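Got your viewer open? Let's take a walk through this chain, one selection at a time.

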Amino acid sequence: MVEMNVTDSQHIELASAHRHLFYAVYWIHEGQGIHSIDFCDYEILPDRIFFIRPEQVHAMCPKGKIRYSAIQFTEEFFHLYAKAIDDELSVYTDLTDEAMQQRLRVLFQQIADESGSKLSGKTNMLQGEIYLLMTELHRCNENVRKQLSLPEILTNYRQLIECHFRKKHQVAEYARMLGISPNYLNVLTRKHLGQSALHMINSRIVLEIKRLLMENEKTVSEIAYSVGFYELSYFSRFFHRMEGVSPQEFRERMNEMYQK
């Protein structure tokens with residue numbers, strides 16, 4: 001789906017917090033407010049581009065009207081490049097350079113035109129143009145990435161957590177896969193990220209629990225089992241220790257906040 005210069009369109013975005021099953025790019029043209037992405041709040045500003053990944057929960061909470069352009073595409077549609085996108089792009093990018101704005105404006109328009117065309121090779125053209133768009137956003141964040149570059153071990157650690165957090169909850173399990181000691185892994189995470197290796201695992205588990213609680217489709221017991229907890233009391237204590245509220249209290253708060 002490609003939409004250019006729309007204002008508060010529920011055809012594109014639901015009014016309440018929801019979980020995306022596809023990639024989405026939103027270029028804010030006018031307006032202010034808060035964009036909540038995976039329970040972190042980011043300011044809505046003109047010429048800020050937001051990038052949403054599959055499985056993320058998000059909600060736009062504008063102050064008045066906002067105008068933006070949006071591109072949405074599935075992982076299957078963009079499978080050749082999806083992994084690189086996941087690893088590299090930031091949640092948002094500020095377009096401070098006029099030349100960059102112009103290049104992205106042209107790309108957005110090309111994607112919109114191609115999306116509405118009936119020409120042969122349409123899919124290949126769209127994939128190529130979206131790849132160019134992602135590459136431009138990648139360039140925008142290059143200096144930030146250099147400042148935040150991490151040792152390869154920590155990059156691999158993050159990837160392993162993403163793959164195994166539902167079943168593996170102990171630092172020793174990940175250290176074994178990385179071929180280092182748990183103590184050395186903990187030294188690295190504290191030095192470069194300011195948090196313990198265990199906190200990184202727990203934070204990813206909690207994020208998934210929050211996402212599932214937002215859906216209101218699974219019971220708390222089902223959610224606990226899906227992220228590797230087999231005792232509901234331990235699951236509830238774990239979540240309360242991390243968030244200060246019970247899973248059910250969190251669900252009720254989010255429903256009240258986003259789904260009135």
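## Two helices at a slant

We start with α5 and α6, which are oblique to each other. Select residues 152–164 for helix α5 and residues 171–178 for helix α6; their axes are 10 Å apart, and the packing angle is about 125 degrees. That angle counts as oblique because it falls neither under 35 degrees, nor over 145, nor between 65 and 115. Keep in mind as you look around that this is a predicted model.

Now check the handedness: α5 and α6 make a right-handed crossing. To see who does the touching, show side chains on both helices. From α5 come Ile-153, Asn-156, Tyr-157, Leu-160, Ile-161 and His-164, while α6 brings Val-171, Tyr-174, Met-177 and Leu-178. How many charged residues are in the contact of α5 with α6? There are no charged residues there, just eight nonpolar and two polar ones.

## A second helix pair

Next, select helix α2 (residues 98–115) together with helix α3 (residues 122–140). Are these two roughly parallel or roughly antiparallel to each other? With an angle of about 160 degrees, α2 and α3 come out as roughly antiparallel. Their axes are 10 Å apart, and the crossing of α2 and α3 is left-handed.

Turn on the side chains again. On the α2 side, the contact includes Met-100, Leu-104, Leu-107, Phe-108 and Ile-111. On the α3 side, look for Met-125, Leu-126, Ile-130, Leu-133 and Leu-137, among others. Charged residues take part too, including Arg-103 and Glu-114 of α2 and Lys-122, Glu-129 and Glu-136 of α3. Sorted by class, the contact of α2 with α3 has 12 nonpolar, two polar and five charged residues.

## Follow the salt bridges

Time to hunt for charged pairs. Select Asp-38 and Arg-211: their side chains form a salt bridge, with N and O 2.5 Å apart. Where in the chain do Asp-38 and Arg-211 sit? Asp-38 is in the loop between β4 (33–37) and β5 (40–44), whereas Arg-211 belongs to helix α8 (residues 197–215), so this pair links distant parts of the chain, 173 residues apart. Both Asp-38 and Arg-211 are buried.

Stay on Arg-211 and add Glu-208 to your selection. These two also form a salt bridge, and their closest N and O atoms are 3.6 Å apart. Arg-211 and Glu-208 both lie in helix α8, three residues apart, which is about one turn of the helix. Arg-211 has a relative accessibility of 6%, so it counts as buried, the cut-off being under 20%.

Now step along to Arg-204. Glu-208 makes a salt bridge with Arg-204 as well, the closest N and O atoms being 3.3 Å apart. Because Glu-208 and Arg-204 are four residues apart in helix α8, about one helical turn separates them. Are Glu-208 and Arg-204 buried or exposed? Glu-208 is buried at 4% relative accessible area, and Arg-204 counts as buried at 11%.

Select Asp-38, Glu-162, Arg-166, Arg-204, Glu-208 and Arg-211 together: salt bridges with shared partners join them into one network. In total, the count comes to nine salt bridges.

## Two loops to visit

Go back to the loop between β4 and β5, where you will find Phe-39. This residue is not a glycine, yet its phi is positive, about 70 degrees.

Then jump to the loop between α8 and α9, the home of Asn-216. Asn-216 also has a positive phi, about 65 degrees, without being a glycine. With 34% relative accessibility, Asn-216 counts as partly exposed.

Thr-219 is in the loop between α8 and α9 (220–226) too. At 42% relative accessibility, Thr-219 is partly exposed. Try the distance tool between the C-alpha atoms of Thr-219 and Gln-248: they are separated by 9.3 Å, although the residues are 29 apart along the chain.

## Zoom out

Finally, show the chain as a cartoon. You are looking at 11 helices and nine strands. The chain has 260 residues, and 43% of them count as buried. What share of the contacts between residues at least 6 apart in sequence join residues at least 24 apart? The share is 68%.

How values were computed:
Residues are numbered from 1 along each chain as its sequence is written. This is a predicted model: local features need pLDDT of at least 70, side-chain atom pairs count only at pLDDT 80 or more; totals for chains, interfaces and linings use all residues. Side-chain values use heavy atoms; hydrogens and water are left out. A salt bridge is a side-chain nitrogen of Lys or Arg within 4 Å of a carboxyl oxygen of Asp or Glu. Buried means under 20% relative accessible area, exposed over 50%, partly exposed in between (1.4 Å probe, protein chains only). Axes are lines fitted to C-alpha atoms, for helices over the stretch in contact, and angles run from 0 to 180 degrees between N-to-C directions. A crossing is left-handed if the near helix is turned anticlockwise from the far one by less than a right angle, and right-handed if clockwise. Contact means heavy atoms within 4.5 Å. Ala, Val, Leu, Ile, Met, Phe, Trp, Tyr, Cys and Pro count as nonpolar, Asp, Glu, Lys and Arg as charged, and the others, Gly among them, as polar.
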